[in-house]
Each structure stands twice: as structure tokens, then as C-alpha cells.
Amino acid sequence: MHALGIDIGGSGMKAAPVDVATGKLLAPRQKIATPRPAVPDAVADVVKQLTSAFSWSGPVGITFPGVVTDGVTRTAANLDRSWIGIDARALFSQAAGDPVRVLNDADAAGVAEMTFGAGMGQKGTVLMLTFGTGIGSALFTGGLLVPNTELGHIEIRGHDAETRASERAKELHDMSWGKWAGRVDEYLQHIEALLSPHLIIVGGGISKESEKWVPRLTGIRARIVPAALLNEAGIVGAAMATSSEVALDTSGASGMGS
Ligand code: BGC
């Protein structure tokens, strides 16, 4: 089965058609800058442009950098606040002209890593963390996802963790690798105290330079590995979400019936 995956990030929106059975992109990905302000209609317009760019007709999966339950976006820490309470599934389905599945960006990346990347075959408690504009999380046990965990927002030293330890925080405060890795280590120690994962997969753009910071994370018992799919994990996970056979269908999981 083939599906178009679209990954909405704080700075760019990336898309590619994906073979859901193998996790391989069927064409080079295309990227369009995330509109500013990133309001729903402007973002939907880019979804339309990306769909047309591939002359796509068929299932479409879209990631969103916030909580998504039953296709409705519930938070927007790093996008325009007007997203809160929007029926993104309906909005994007109209823009794409096809049925759409919408899910949290880190959940999508995690599902892709568990199926085709660093988490393949891992049955214990696995935590995928993405370090980018914010910190995203995807929690698995026995290979099953607990959607919308939002562990980037735990409080550390009185602050939202992602404002101290995201990739953006590193850039914004011009932190050295050593200083930033120290903050990530402290963050992971808090997470480990709460969840005791067997494996932590670290992703996001900064995982491309994992050799500069992952070896410095010495205060953690869990095994820590960089993501294998790097920038493609979100696109692949988004596409996978269109097929309930390969990804957990979270619609109806909020207690509202199916
Ligand atoms: C959002 C999460 C998202 C993460 C990465 C956080 O600020 O609350 O939902 O997964 O950023 O984009």
C-alpha cells in the first residue's frame, strides 16, 4: 500500500509518497516553509500544494506538532494557538481532496522507528524523544504506542523542559555541546525516574550529529541510541498511520466511541 506522508514542523512542511510495507520513500521528499503565522488555513493551503506537487490521489497521513485526539488538534505549543480545538482531519481532508489521518509528530516518528528503524523488534518499554523546535515523545511497550504523551513539557528547575533542552534552546542560547548535553542528561534522568525505559531513541534533526552529544549522556541506565530514519521518520510514520494494520488507530481512543 502507498500513502502520502506529510510532516508539519515548526520551520518546514515535508512530504513524500511512501511504501507503507517497506517504509521506503517512493520519490524524493519536497519541503515548503511553514507559513508565518502558522494559522490553520495557511497550513492547509501548504497541504494542498504538497498534495498537488505529487499529483497525489489516495490516503494521506499528516503529523502535527501537538496533541491530536480523534483528528482534533488540542494543543499548539510551537504553532499558532488558533489550532486549539480545530478539526484538523476535516480541514486537511478538504485541502487534500482525500481522506486524511492526523497524528502527533513524535508519535509518527516513533511508530516509524519501531517498525523500520532503531526500535525494530524491541518489546520492552521504549521511549522515542525528538529534539527540535520542541521536545516530542512517543512511548511504547510491547510495541504498542501510548499516544500523545507530551513528555517534553515536564517541569525541570521550574521551567518547561523543552525550553531548556530542545535543539532550539541550544541555538537560542548558543550553548556548547557539553552544556546542552548536560541539560539533556538532566532531563533524561527525570524521565528515567518516572518511566524506567529499557531503550531511549533520540531523534530530530540534531540526531544527525549524535556522536557530539549522545556519548556525553552518562547519567542514564537505559540504552540510548540515535534514530535511524533521521528526517524521514515523521513522513514514514504519517503514511503508516493511514493503514490501521501497521499503526495503532487512535481514533475513538479518547473515550468518545469509534
Ligand atoms: C508539542 C508536542 C510535539 C513536540 C515536538 C511539543 O511542544 O507539545 O506535541 O510532539 O513539541 O514537535
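Here a colleague quizzes a modeller about the terms used for this predicted model.

Colleague: Let's start with the ligand. What makes N104 one of the residues around the ligand that come nearest?

Modeller: A residue counts as near if one of its heavy atoms lies within 4 Å. An N or O atom in the side chain of N104 is 3.0 Å from an oxygen atom of the ligand, so N104 passes that cut-off. The shell has 13 residues, and N104, D105, E150, H153 and E162 come nearest.

Colleague: Why is the pair between E162 and the ligand called a polar contact?

Modeller: The limit for a pair of N or O atoms is 3.5 Å. A polar side-chain atom of E162 lies 2.8 Å from a ligand oxygen, so the pair qualifies as a polar contact. N78 does too, because its polar side-chain atom is 3.1 Å from an oxygen atom of the ligand.

Colleague: How much of the ligand does the protein cover?

Modeller: On its own the ligand has 310 Å² of accessible area, and the protein covers 94% of that.

Colleague: Where does the ligand sit, and which elements give two or more residues to the shell?

Modeller: The ligand is in the largest pocket. The elements in question are α3 (105-116) and β11 (135-141).

Colleague: And what classes of residue make up that shell?

Modeller: Six are polar, four nonpolar and three charged.

Colleague: On to the rings. Why is the pair of F131 and W213 called edge-to-face?

Modeller: Two checks. Ring centres must lie within 6.5 Å to pair, and planes over 60 degrees apart count as edge-to-face. F131 and W213 are 5.6 Å centre to centre with 70° between the planes, so both conditions are met. The structure holds six aromatic pairs, this one among them.

Colleague: What makes you say that this pair links distant parts of the chain?

Modeller: The two residues are 82 apart: F131 is in strand β10 (residues 125-131), while W213 is in the loop between β15 (199-203) and β16 (223-226).

Colleague: Now the backbone. Which peptide bond is cis, and what is its omega?

Modeller: The one from R36 to P37, where omega is near -5°. P37 belongs to the loop between β4 (30-33) and α1 (40-53).

Colleague: What is notable about phi of D70?

Modeller: Phi is near 50°, a positive value, and D70 is not a glycine. D70 falls in the loop between β6 (68-69) and β7 (72-73).

Terms used
Residues numbered from 1 in each chain as written. Predicted model: local features only at pLDDT ≥ 70, side-chain atom pairs only at ≥ 80, totals over all residues. Heavy atoms only, no water. Polar contact = N/O pair within 3.5 Å; in protein donor to acceptor, adjacent residues only side chain to side chain. Areas by Shrake-Rupley, 256 points an atom, 1.4 Å probe, with all protein chains shown as cover. 1 Å grid on protein atoms, 1.4 Å probe; cavity = no way out; pocket = protein on both sides within 12 Å on 5 of 7 lines; lining within 4 Å. Sits in = over half its atoms within 2 Å of the grid points. Helix = DSSP H or I, 4+ residues; strand = E, 2+ residues; numbered from the N terminus. Nonpolar A, V, L, I, M, F, W, Y, C, P; charged D, E, K, R; others polar. Phe/Tyr/Trp six-rings, centres within 6.5 Å; stacked < 30°, edge-to-face > 60°.
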